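Biologist: I have a new model open on my screen, and I would enjoy talking it through with you. Could you take my questions one at a time?

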Amino acid sequence: MDRGDKQQQQQQQNQMSLAKSSRQRYSEWIFRDVPSDITLDVGGGTFALHKFPLVSRCGKIRKLVAEHRDTDISRIELLNLPGGADSFELAAKFCYGINFEITTLNVAQLCCVSDYLEMNEEYSKDNLGSRAEEYLETIICKNLEMSVEVLQQCENLLPLADELKIVSRCVDAIASKACAEQIASSFSRLEYSSSGRLHMSKQVKCEGDWWIDDISNLRVDLYQRVIMAMKCRGVRPESIGASLMNYAQKELTRKSSLWNLSNQQKADLLVSNTMEHEKIVVETIISLLPVEKQAVPLSFLFGLLRSAVMLDCSVACRLDLERRIGSQLDVATLDDLLIPLFRHAGDTLFDVDTVHRILVNFSQQDDSEEDELEDDASVFESEGPRSPSQSALFKVAKLVDNYLAEIAPDANLKLNKFMVIAESLPAHARTVHDGLYRAVDIYLKAHQSLSESDRKKLCKLIDFQKLSQEAGAHAAQNERLPLQSIVQVLYFEQIRLRNSLCVSYNEEDPKPMHHQSWRISSGALSAAMSPRDNYASLRRENRELKLELARLRMRLNDLEKEHVCMKRDMAKSNSRKFMSSFSKKIGKLSLFGHSSSRGSSSPSRHSHRTDSKVIERTCASTD
């Protein structure tokens, strides 16, 4: 009770001091020699004024006085007047003909109070409303910085400032001016290269983005409207991303102090107004992110995701962030994936479910890209052994193996979650399974209570044939592995040893060594290539074989034509001279081998033998 009484006394003292300050302010410009005939109560302030100056310009006060003409009203209370006593004081000064300056700090208040008091052209020429509107249109909307200042003043004048379109006009002015500044800056960066071509010089930060710091002081709802207007105007995505990062840095700085608090303190802060404000800021920034991949760095997206997890943001925001991160996961680091989990004590240290959804998004994106590339036959004409998406897949596979090794010691990490992360990538993503084997070994060491069936299930993730020699030697002596897995390791090590012996033995014979090394390298390349790359390689080989076969057919047709011509010449002339010359030509050709005269009289048989012999020769040269 004592505390409540003290608060009431404090409020009364504040109201009395406010009324006293109001009386002191207007006593400086009021008519002192004429007694007041009307008192107005506005927002805790009291003004003893005169009816005539007020009713000559204020339609609202004129109507109130006219309604109470019979009772001769002497006191009026103006409820919910926009801007409070300060705004009314400026309007009263205008009614009394006292000059004051219209600035960025009061123009929005003057527009709102003039609308509230109906100070328009209907009651007086060049009234306060028209004066404020003229200043807003001719001065404020022509300048970006002044528009931002007016927009800040509108924060306390909503929703009336929005109904009067003060907010929308300032937002449009900021967006258009930012776009114009950016275009002008782009022209200033144009320069001629040494070859005489016109290009744009590269700069770390565009000079036309100076407005980023100005709009970062806006309230989050007004800031959202400004960024959306900039997107519609065509402001560069990089500039939008830089503005979002700057705004997040200013609004979420208090969040960093929460990491070292206890669980109870975090629970208390989550329900506070500060945490609710930060939640709104994070969700707003996520909704404003540009669709382009390089607009914001990946580390910023992961920072937003951590904040979204801690603040328990909406599911749609988190899924959107996970999709964006999955589209460029190949440039992520291990620290990025280690997202702390702020829940009860029985959960894992890190948010494994979120990482799994990110990996699913990456895999689905990779699959969709493969489908698109398969439709385009020109992609497989490339001579490169791997496509860019394949190299990205290898990077992500290495990242996932390191992530599994990092979370494996967690005692609360269930086997199914560990396996889901390991199986989230396709089989051809890992050319070497050393990293996966290391993660599995750490998990087995930290979870020694696993049953034999669970150990076998876990070890099925590893392709022991893809282990390096060092990892295979370690696995052969690893007592934590099931016996079946150790047998597989020993079997593949024996095959590897036998192949190495065969290669060393075939070094004495160059030709067998050539065939053996070709088979080994071909098998390794096939294991290291994705199905898409294998398909491209087969298409190239098929195309080469078709070209070779076409050349053989053309050569065979030429030989058959020559044979027919020679046979026709032989029928026309029966001289011995022609026969001898014919036999010499046959001997020079030597295409049909040492065949009998009866066998050489059949063109089809000669064609068949020639075709087979040339193909054998071609295969031998290819080998």
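Modeller: Gladly; what follows is a set of questions and answers on this predicted model.

Biologist: Let's begin with the overall make-up. How many helices and strands does the protein chain have?

Modeller: The chain has 623 residues, and buried ones make up 40% of them. It exposes about 36300 Å², with carbon and sulfur atoms supplying 52% of that area. As for secondary structure, the count is 28 helices and 5 strands.

Biologist: Among contacts between residues at least 6 apart in sequence, what share joins residues at least 24 apart?

Modeller: A contact here means heavy atoms within 4.5 Å. Taking the contacts in the protein chain between residues at least 6 apart, the share that joins residues at least 24 apart is 69%.

Biologist: Now the strands. Which residue in β2 is the bridge partner of Asp-41?

Modeller: Strand β1 covers residues 38–42 and runs antiparallel to β2, with 5 bridges joining the two. They form a hairpin with 2 residues between them, and Gly-43 in the turn has a positive phi of about 50°. Within β2, the bridge partner of Asp-41 is Thr-46.

Biologist: And which residue in β3 is the bridge partner of Asp-41?

Modeller: β1 also pairs with β3, this time in parallel, through 4 bridges. In β3, Asp-41 has as its bridge partner Glu-77.

Biologist: Which side chains of β2 point to one face and are buried?

Modeller: The side chains alternate along β2, residues 45–49. Thr-46 and Ala-48 point to one face and are not buried. Pointing to the other face, and buried, are Gly-45, Phe-47 and Leu-49.

Biologist: What about β3: which of its side chains are buried?

Modeller: Strand β3, residues 75–78, alternates as well. Arg-75 and Glu-77 point to one face and are not buried. The buried side chains, on the other face, are Ile-76 and Leu-78.

Biologist: On to the interior. Which helix gives the largest share of the largest nonpolar core?

Modeller: That core has 138 residues, and those with the most contacts inside it are Phe-88, Leu-117, Ile-215, Met-230 and Leu-329. The largest share, 10 residues, comes from residues 298–311, which is helix α15.

Biologist: Leu-117 is on that list. Which residues does Leu-117 touch, leaving out those up to four places away in sequence?

Modeller: Phe-88, another of the residues with the most contacts inside the core, is one of them. The set also includes Lys-60, whose charged end sits over the ring of Tyr-116, 5.0 Å from its centre. In full, Leu-117 touches Cys-58, Gly-59, Lys-60, Leu-78, Leu-81, Phe-88 and Ala-91.

Biologist: I spotted Tyr-223 and Tyr-247 together. What is the angle between the planes of this aromatic pair?

Modeller: The whole structure holds 4 aromatic pairs. In this one the rings lie 4.0 Å centre to centre. Planes under 30 degrees apart count as stacked, and this pair is stacked, with an angle of 5°.

Biologist: How many residues apart in sequence are the parts that this pair ties together?

Modeller: Tyr-223 is buried at a relative accessible area of 1%, and Tyr-247 is buried at 0%. Tyr-223 belongs to helix α11 (residues 220–233) and Tyr-247 to helix α12 (residues 237–251), so the pair ties together parts whose separation in sequence is 24 residues.

Biologist: Glu-251 is also in α12. Is Glu-251 buried or exposed?

Modeller: Glu-251 touches Ser-216, His-277, Glu-278 and Val-281, not counting residues up to four places away in sequence. Val-281 is 30 residues away in sequence, yet 7.4 Å away in space, C-alpha to C-alpha. Buried means under 20% relative accessible area, and with 17%, Glu-251 is buried.

Biologist: Some backbone details to finish. Where does Pro-159 lie?

Modeller: A cis peptide bond joins Leu-158 and Pro-159, with omega about 5°. Pro-159 itself lies in the loop between α7 (144–153) and α8 (160–163).

Biologist: Asp-126 has a positive phi although it is not a glycine. How does Asp-126 count in terms of accessibility?

Modeller: Its phi is about 50°, and Asp-126 is found in the loop between α5 (107–116) and α6 (128–138). At 40% relative accessibility, Asp-126 counts as partly exposed.

Biologist: And Lys-165: what is its relative accessible area?

Modeller: Lys-165, also not a glycine, has a positive phi of about 65°. Lys-165 is found in the loop between α8 and α9 (166–188). Exposed means over 50%, and Lys-165 is exposed, with a relative accessible area of 55%.

How values were computed. Residues are numbered from 1 along each chain as its sequence is written. This is a predicted model: local features need pLDDT of at least 70, side-chain atom pairs count only at pLDDT 80 or more; totals for chains, interfaces and linings use all residues. Side-chain values use heavy atoms; hydrogens and water are left out. Buried means under 20% relative accessible area, exposed over 50%, partly exposed in between (1.4 Å probe, protein chains only). Two strands pair if DSSP finds at least two bridges between them. A nonpolar core is a set of buried Ala, Val, Leu, Ile, Met, Phe, Trp, Tyr and Cys residues joined through side-chain atoms within 4.5 Å. Rings of Phe, Tyr and Trp (its six-membered ring) pair if their centres lie within 6.5 Å; planes under 30 degrees apart count as stacked, over 60 as edge-to-face and the rest as tilted. A charge sits over a ring if NZ of Lys or CZ of Arg is within 6 Å of the ring centre and within 35 degrees of the ring normal. Accessible areas come from the Shrake-Rupley method with a 1.4 Å probe; for residues, only the protein chains shown count as cover.
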